Amino acid sequence: MELSQKAVNSLYDMVEAAAECDAEQCKRSYLSVSEMEMQADELRRRMVKELTEGEMFPEERDDLMELVRAVDWIADWSKEAGRILNSIPFEKAPDEMKAATMNMVRANVDCVKVLTECVRALPRDSKKALTLANEVEMLEENIDDLYGEARKLFASLEFPGFTTGALILLNEFLGALETVADWCENTADIVRAIAVRQH
């Protein structure tokens, strides 16, 4: 969770730097996102190996494997968003689109922060984990709304300096940001299922 949270935070820094034409900071932030994603992948592989070799009930093992994979997708999609952002002239985007995108990334930062608390609460306080899982779901719905607003702007604004290909990639970038939030919600659903069984 910590690595995924760091990946989302670095993605936020990257989007902010791209909006402000700070190429060096943008590059540093992308390298940070990539590093967090690689570390998360390596940790996932180790955890899956340990879970496979460990002695526990099959149901518990399956739950934990599913949880580990879902958390890893948050880092994966953060990297994918960063990779797409690297390919578009985001500094040329209209200010309204930059603001809408920053709103989405900021909301993702909030969402993954609450999800981290949610996962941490799971072994100690299943009731608290359930409450936080519900909060993650509400934050994800808010990101869906922000995504809708960004898409309206995408359809109505002029994008001078953007090729057709760059516009397609900008649309994919917005989709990737929304997918980060989707995986936060998917992870919270898994936490909810485990917490209900514990309760």
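## A buried asparagine in helix α4

Asn 108 touches Val 8, Ile 143, Leu 177, Val 180 and Ala 181, when residues up to four places away in sequence are not counted; contact here means heavy atoms within 4.5 Å. The structure is a predicted model, in which local features need pLDDT of at least 70 and side-chain atom pairs count only at pLDDT 80 or more, while totals for chains, interfaces and linings use all residues. Residues are numbered from 1 along each chain as its sequence is written, and side-chain values use heavy atoms, with hydrogens and water left out.

Asn 108 belongs to helix α4, which comprises residues 95–121. Helices are DSSP runs (H or I, at least four residues), numbered from the N terminus. With a relative accessible area of 1%, Asn 108 is buried. The term buried denotes under 20% relative accessible area, exposed denotes over 50%, and partly exposed lies in between (1.4 Å probe, protein chains only). Asn 108 and Gln 5 are separated by 103 residues in sequence, yet their C-alpha atoms are 9.5 Å apart in space.

## Thr 101 in the same helix

Helix α4 also holds Thr 101. The relative accessibility of Thr 101 is 0%, so this residue counts as buried. Apart from residues up to four places away in sequence, Thr 101 touches Val 15, Phe 90, Phe 173, Leu 174 and Leu 177. Leu 177 also appears among the residues that Asn 108 touches.

## Helix α3: Asp 72 and Asp 62

Helix α3 spans residues 58–85 and includes Asp 72. Asp 72 is buried, its relative accessible area being 5%. With neighbours within four places in sequence set aside, Asp 72 is in contact with Ala 40, Asp 41 and Arg 44. Two of these contact residues recur in a network of salt bridges that links Asp 41, Arg 44 and Asp 72. A salt bridge is a side-chain nitrogen of Lys or Arg within 4 Å of a carboxyl oxygen of Asp or Glu.

Asp 62 is likewise placed in helix α3. The relative accessible area of Asp 62 is 49%, so this residue is partly exposed. A separation of 11 Å is found between the C-alpha atoms of Asp 62 and Ile 190, which are 128 residues apart along the chain.

## Salt bridges

A search of the whole structure finds nine salt bridges. One of these joins Arg 192 to Glu 137, with the closest N and O atoms 3.1 Å apart. This pair links distant parts of the chain, since Arg 192 lies in helix α6 (residues 164–198) and Glu 137 in helix α5 (residues 126–156), 55 residues apart. Arg 192 is buried at a relative accessible area of 18%, whereas Glu 137 counts as partly exposed at 27% relative accessibility.

Arg 192 forms a salt bridge with Asp 189 as well, the closest N and O atoms being 2.7 Å apart. Because Arg 192 and Asp 189 are three residues apart in helix α6, about one helical turn separates them. Asp 189 is partly exposed, and its relative accessible area is 34%.

In helix α1, a salt bridge connects Lys 6 with Glu 2. The closest N and O atoms of this pair are 3.5 Å apart. Lys 6 and Glu 2 are four residues apart in the helix, and therefore separated by about one helical turn. Both partners are partly exposed: Lys 6 has a relative accessible area of 39%, and Glu 2 has a relative accessibility of 46%.

## The α1–α2 loop and a negative patch

The loop between α1 (2–19) and α2 (23–53) contains Glu 20. Glu 20 is exposed, having a relative accessible area of 57%. Cys 21 is found in the loop between α1 and α2 as well. Although Cys 21 is not a glycine, this residue has a positive phi of about 60°. Cys 21 counts as exposed, at 55% relative accessibility.

Glu 20 is one of the residues of a negative surface patch, formed together with Asp 13, Glu 16, Asp 22 and Glu 24. Patches consist of residues with over 30% relative accessible area and no salt bridge, like charges being joined within 9 Å and nonpolar side chains (Val, Leu, Ile, Met, Phe, Trp, Tyr) within 5 Å. Asp and Glu count as negative and Lys and Arg as positive, with His and the chain ends not counted; the place of a charge is NZ of Lys, CZ of Arg, CG of Asp or CD of Glu. Accessible areas come from the Shrake-Rupley method with a 1.4 Å probe, and for residues only the protein chains shown count as cover.

How values were computed. Helix = DSSP H or I, 4+ residues; strand = E, 2+ residues; numbered from the N terminus.
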